[in-house]
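Me: I am new to this structure and would be grateful for a close look at a single part of it. Please describe one helix with care, and then relate it to other elements.

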Amino acid sequence: MTAQRDYAALVERGLKLDLTRGKPSPRQLDLSNDMLRLPTSYRAADGTDGRNYGNLQGLPELRELFAPLVQVPADQLVVGGNASLALMHDTIVHALLTPLPGAARRWVEEPKVTFLCPVPGYDRHFTICERFGITMVPVPMDAHGPDMDVVERLVASDAGVKGMWCVPKYSNPSGIVYSDETVRRLATMPAAAPDFRIFWDNAYAVHHLTDTPAELADVLALSAAQGNADRVFVYASTSKVTLAGAGVSFFGSSPANVEWFLRNTAKQSIGPDKLNQLRHVEFLRDGAGVAAHMRRHAELIGPKFELVDKILTEQLGGLATWTSPKGGYFISLEVPHAAEVVARAKAAGIALTPAGATHPYGDDPADRTIRIAPTYPELDELEQAINGLAVCVRLVAEERG
Ligand code: PMP
């Protein structure tokens with residue numbers, strides 16, 4: 001009965017709160033306001049005129065700055081526009097239309113193209129697959145990453161398995177970091193398809209919430225050492241380092257894959273926005289500059305993650321489980337009847353990412369996972385939203401018994 005009374009009071013308040021997307025808050029964006037006055041010079045280190053066409057791969061000084069952070073040698077790194085998602089999308093388009101190194105044919109000529117999708121995962125990865133009719137096979141994850149027994153079996157036995165999505169560090173939405181053993185097995189496992197590729201979306205490579213950053217094994221180096229040099233496509237961006245709408249993105253891979261990628265990209269563009277690349281180099285300077293900047297982000301969003309954890313602990317102990325990430329942008333909440341909880345929250349003015357969005361085709365068979373994105377709202381709004389969400393979980397638990 002208490003939950004019903006609390007829920008009625010919640011609806012009465014007429015809240016209008018949004019926890020749907022992992023966006024940086026305005027105060028986080030303010031951290032990069034000095035960029036709006038950069039670059040002070042349009043000349044790159046080698047004299048390139050940043051205002052003009054050219055340099056498809058991106059300026060060497062920016063590639064060198066980010067190479068160690070994303071674990072890709074600078075000469076195997078490509079700088080893209082403001083969205084790494086566009087790089088992922090376009091890599092798949094290229095693979096559909098132009099054979100990958102080692103491929104027998106283009107993916108459009110394959111009877112069926114399948115991607116493995118560790119769950120819970122990132123809904124926009126799944127949307128790309130849906131757009132191109134790529135069959136998605138969910139693979140369960142635990143605290144160390146995807147279930148590697150399942151992955152190894154599927155990748156070794158089915159030449160139609162061409163891809164696998166991975167968010168290896170501070171994963172979206174669970175926040176887990178792939179263990180060294182998981183990364184080693186991904187790099188070394190036999191694959192039936194010579195054009196099998198791991199889409200290594202390292203979106204949260206430097207997005208630590210604590211002073212003890214998680215270490216991730218170097219998947220590109222491990223794959224190359226095992227004779228699987230072409231296996232991995234690495235992606236990253238500064239969307240959540242500098243400006244979400246005006247950052248730079250990165251694609252990294254083997255020399256053969258980079259050549260293939262640039263050959264295809266050359267049909268799309270005569271060169272990227274090098275002024276934005278110069279702006280990033282001037283603003284971030286070096287690895288220490290990036291680390292200092294990310295600490296300022298952590299100071300702003302760390303308390304938000306702590307608040308969510310505190311409220312859930314106080315209100316939902318025994319009724320739900322959730323993750324306590326050491327980095328990234330999300331918390332994954334596991335509750336019975338997730339879809340109903342989300343619907344109840346919506347009716348009370350609290351917008352959450354749709355239940356099921358963390359799974360391919362929007363289908364979470366256990367109906368358990370809710371993605372919480374705590375970064376955008378300020379603390380008082382976040383407190384109201386999570387308290388409200390907790391009421392909804394208790395209500396559904398009470399009603400369903
Ligand atoms: N990958 C993951 C795992 C993400 O969580 C996000 C942002 N939510 C993106 C990619 C999007 O990155 P970008 O802004 O570079 O397109």
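**A close look at helix 10**

Reply: The buried residues of helix 10 are Lys-274, Asn-276, Gln-277, Leu-278, Arg-279, His-280, Val-281, Phe-283 and Leu-284. The model is a predicted one. Helix 10 spans residues 274-284 and is mostly covered, with 9 of its 11 residues buried. The cover over these buried residues includes helix 3 (60-70), strand 2 (77-80) and helix 11 (287-316). Just after helix 10 comes Arg-285, which takes a positive phi of about 70 degrees.

Helix 7 may be set beside this description. In helix 7, which comprises residues 180-188, the buried residues are Thr-182, Val-183, Leu-186 and Ala-187. Viewed down the axis of helix 7, these buried residues fall within an arc of 130 degrees, so they line one face of the helix. As a general matter, an α-helix has 3.6 residues a turn, so residues three or four places apart point the same way. Among the elements that cover the buried residues of helix 7 are strand 5 (145-146), helix 6 (148-157), strand 7 (197-201) and helix 8 (219-225).

A sheet may also be considered. Three strands form an open sheet in the order 10-11-13, with antiparallel pairing. Strand 10 (321-322) and strand 13 (369-372) stand at its edges, each with a single partner strand, so one side of each has no neighbour in the sheet. Strand 11 (residues 331-334) and strand 13 run antiparallel and are joined by 4 bridges. Within this pairing, Ser-332 stands opposite Arg-371 in strand 13.

How values were computed:
Residues are numbered from 1 along each chain as its sequence is written. This is a predicted model: local features need pLDDT of at least 70, side-chain atom pairs count only at pLDDT 80 or more; totals for chains, interfaces and linings use all residues. A residue is buried if 20 or more other C-beta atoms lie within 10 Å of its own, exposed if 12 or fewer, and partly exposed in between; C-beta atoms are placed from the backbone. Helices (H or I, at least four residues) and strands (E, at least two) are DSSP runs, numbered from the N terminus. The arc is that of the directions from the helix axis to the C-beta atoms. Two residues are in contact if their C-beta atoms, placed from the backbone, lie within 7 Å. Two strands pair if DSSP finds at least two bridges between them.
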